[in-house]
Amino acid sequence: MRKDKPSRTAYKVALVIVTLGIKPGMDSLLPPGIVSATKQLLLASGAAWPRTIRWAESKVAVSVYEAFDWMLPGQFEAFAHRKAFFERQVRDGISSGASQILVLGAGYDTLGWRLAPEFTEVNFFEIDHPATARLKAKGIATMGNHDNLFLIAEDLGQRRLVDVLKNHTSWRVNTQTVILAEGLVMYLLPEAVSSLFCQCAEMVNDGSRFAFSSLATGADGRPDAGRWTGLMLWLQKTIGESWHWSIRPEELGSFLKKTGWQYLPELQLPSNIPGVEFYAVATK
Ligand SMILES: C[S@@+](CC[C@H](N)C(=O)[O-])C[C@H]1O[C@@H](n2cnc3c(N)ncnc32)[C@H](O)[C@@H]1O
């Protein structure tokens, strides 16, 4: 990950959400308010120009993203399923008693900003690499931050999560929490992923949930993004956001157990959901 530049992939996810907003059929899948909040954030942060947003809201943009599905089959619509999945985990977790939400590698995701005023008794924490987090903080400040939304700028490759959270005055260690790692773990080195899951287990109470998306490991041991895996790995490396970590789905249970979590396969999204990632949930 390039230290000095805001994340290109977080920017791409946010633009895709804006484009999905004009694709027929997607409004019933996308969480309410996500499209307008994402547009607002991209503009207010300065991450995107008004003309870029106009392009993202055009039929041309829909066609371009659909055309790129040759490379990552189904990935365009998969972002709508992904956003719906993570938001559902948060809402279900809050219904079951969670009072803290932690979004790791939050990028330009707007879940915290949208849900904080709805759940005023719940604290929302977001962590991202400083270059991205600072830009987002600027946007959120313009949009109006909420007292229960905390944006933290940290490189999780440089600083341990437990140290970041223990030093945060609003974090409560013995509290039921929902942790999200959406489109994050593939960018971390294997030892950092194991450590992250272990540290998360250390920081939350029993009954907490950890929802994450991941790439499956292919037969050749590399992250599997389908037929064009080699090209995708090269492209990710070229933009300075290489994919490092993936896992064989059948090894997920033992990986989670070793890191202090219990796999909940019944909450996983069914395998017919399009795209190259799979979406899993664990509990403590
Ligand atoms: C693909 S983006 C996903 C953004 C967001 N979760 C979403 O799905 O909309 C990956 C995010 O992880 C963040 N990230 C990657 N490595 C990180 C690290 N070492 N520490 C903190 N954040 C990191 C990037 O800055 C980026 O915002």
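In this predicted model, the ligand is surrounded by 22 residues, of which Arg82, Gly105, Asp128, Leu156 and Glu182 come nearest. When the residues of this shell are sorted by the character of their side chains, eight are nonpolar, eight are polar and six are charged.

Several polar side-chain atoms lie within a short list of distances from the ligand, and these can be described one by one. For Arg82, which is also among the residues that come nearest, a polar side-chain atom is placed 2.6 Å from an oxygen atom of the ligand. An oxygen atom of the ligand is likewise found 2.9 Å from a polar side-chain atom of Lys83, whereas for Asp155 the partner is a nitrogen atom of the ligand, at 2.9 Å from a polar side-chain atom of that residue. Of the 590 Å² of accessible area that the ligand has on its own, the protein covers 96%. Two elements, H1 and helix H5 (75-95), each give two or more residues to the shell around the ligand, and the largest share, three residues, is contributed by H1.

Attention may then be turned to Ser7, which is located in the segment before helix H1 (8-20). Because its relative accessibility is 8%, and buried means under 20%, Ser7 counts as a buried residue. The side chain of Ser7 is also joined to the side chain of Glu241 by a polar contact of 3.1 Å.

Definitions and conventions: Residues are numbered from 1 along each chain as its sequence is written. This is a predicted model: local features need pLDDT of at least 70, side-chain atom pairs count only at pLDDT 80 or more; totals for chains, interfaces and linings use all residues. Side-chain values use heavy atoms; hydrogens and water are left out. Helices (H or I, at least four residues) and strands (E, at least two) are DSSP runs, numbered from the N terminus. Buried means under 20% relative accessible area, exposed over 50%, partly exposed in between (1.4 Å probe, protein chains only). A polar contact is a pair of N or O atoms within 3.5 Å; within protein, one must be able to donate a hydrogen and the other to accept it, and residues adjacent in sequence count only if both atoms are side-chain atoms. A residue is near a molecule or strand if one of its heavy atoms lies within 4 Å of it. Accessible areas come from the Shrake-Rupley method with a 1.4 Å probe; for residues, only the protein chains shown count as cover. Ala, Val, Leu, Ile, Met, Phe, Trp, Tyr, Cys and Pro count as nonpolar, Asp, Glu, Lys and Arg as charged, and the others, Gly among them, as polar.
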